[in-house]
Amino acid sequence: MRKVRASIIGFGSVGQGVAEVLLKKGDELKSLGIDLDVVAIADSKGAEVNLAGIDLKAALGRKREFGTVAIDNLTGEDVIKSVDHDIVIETTPTDIETGGIGLVNMVAAFEFGRHVVTSNKGPLALKYRELVEAANEADRKLLFEATVGGAMPIINLVRDTLAGNEILSVEGILNGTCNYILTRMMEEHASYEQMLAESQELGIAETDPTYDVEGIDTACKLVILANSIFNQDATYQDVDVTGITKVTLESLSLAYDEGYVIKLIGEVKKDRLRVSPRLVPASHPLAVGGTLNVASVCTDLAGTITVTGRGAGSIETASAILSDIVSIYKD
């Protein structure tokens, strides 16, 4: 049995989802030979540290009642540097302008010899190569399945299941908010503005939806795929980006009459990174509805492999984080 001590840095929706999943899956982890204790949790107001293992159920209750787990006046970076543990689960909010505190946390983790598993797209979209080099120098792992597609496996599918194949391209729907809006526009014969408002009321879209509807979120995910799968050194500036704000009900209806749907498709090849609304045959595997994500991986040996799943949600994202933790310690 391998004893593993972890920190959760960032205790918002995803961080809490990780705690919930660890509570549910403790026995399954032990059956794989992994005895995992969370010894520190940090949020924006402070941290809780317990080297004997934090009571995750109590921590979740305290977060929901008081809005924080803070007992100690420590930042996430303080925890990473001062608390003896093996793996940092980094789930702070994404900052695509600077990488934010997530970038600081990851650099600190490698400096102090800790593995990193993350759902945070910002640092990877901006500083992928530097982070990989820092992980390699520290002889630690950096895993980030949760940054692209939520519970839908893309990166690990390519690295593990499709190992030995040449990856020719990856394309798909990588933002559930945009997919929901476009789906509902056709279902309700309603305008973009109406369905955006509905998605905001349901909590699917943010109050400021720019990041999603302008294609920025999808573009960041393409950068991560380009760098991790195609060994590029891409940044957001290398992506040709068009969002869905100009898609009209009329264009959707005309497409439907011809047997097509309009979807926001992200595409990455060795020579192209593009996000744009595109016509997709209604019977095509990429023509999924609602908040679903889908990705088609085109290979030289296996042909095209298509995976579909929930691309967002705290438990779904935590599922990908859990799979990365297992992959580190199962070997």
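**Notebook: pockets and Glu206**

I began with the second largest pocket of this predicted model, and its volume came out at about 230 Å³. I then listed its lining, which comprises 14 residues, with Leu22, Gly26, Leu36, Asp37 and Leu56 lying nearest the centre. Sorting the lining of this second largest pocket by residue type, I got nine nonpolar, two polar and three charged residues. I also noted that α1 and β2 each supply at least two residues of that lining.

Next I turned to the largest pocket, for which I recorded about 1200 Å³ of space. Its lining runs to 44 residues, and those nearest the centre are Ser13, Val14, Thr94, Lys121 and Glu206. By type, I entered the lining of the largest pocket as eleven nonpolar, 24 polar and nine charged residues. Among the elements that each give at least two residues to this lining, I wrote down α1 (13-31), β2 (34-43), α7 (176-188) and α12 (314-329).

Where does the largest pocket lie with respect to domain 1 and domain 2? I placed it between them, because domain 1 (2-151 + 314-329) and domain 2 (158-310) both contribute residues to its lining.

Lastly I looked up Glu206, which I had already met near the centre of the largest pocket, and found that an unreviewed UniProt entry lists this residue under "binding site". I located Glu206 in the loop between α8 (192-201) and α9. Is Glu206 buried or exposed? I noted it as exposed, because its relative accessible area is 53%, and the cut-off for exposed is over 50%. Leaving aside residues up to four places away in sequence, I found that Glu206 touches Gln200 and Asp212.

Definitions and conventions
Residues are numbered from 1 along each chain as its sequence is written. This is a predicted model: local features need pLDDT of at least 70, side-chain atom pairs count only at pLDDT 80 or more; totals for chains, interfaces and linings use all residues. Side-chain values use heavy atoms; hydrogens and water are left out. On a 1 Å grid over the protein atoms alone, a cavity is a set of points where a 1.4 Å probe fits but cannot get out, and a pocket is an open set with protein on both sides within 12 Å along at least five of seven lines; lining residues have an atom within 4 Å of a point. Grid points are joined across faces, edges and corners, and a volume is the space filled by probe spheres set on the points. Helices (H or I, at least four residues) and strands (E, at least two) are DSSP runs, numbered from the N terminus. Ala, Val, Leu, Ile, Met, Phe, Trp, Tyr, Cys and Pro count as nonpolar, Asp, Glu, Lys and Arg as charged, and the others, Gly among them, as polar. Domain bounds come from an automatic or database domain assignment. UniProt positions are given in the numbering used here, feature names are shortened, and annotations may be inferred rather than shown by experiment. Buried means under 20% relative accessible area, exposed over 50%, partly exposed in between (1.4 Å probe, protein chains only). Contact means heavy atoms within 4.5 Å.
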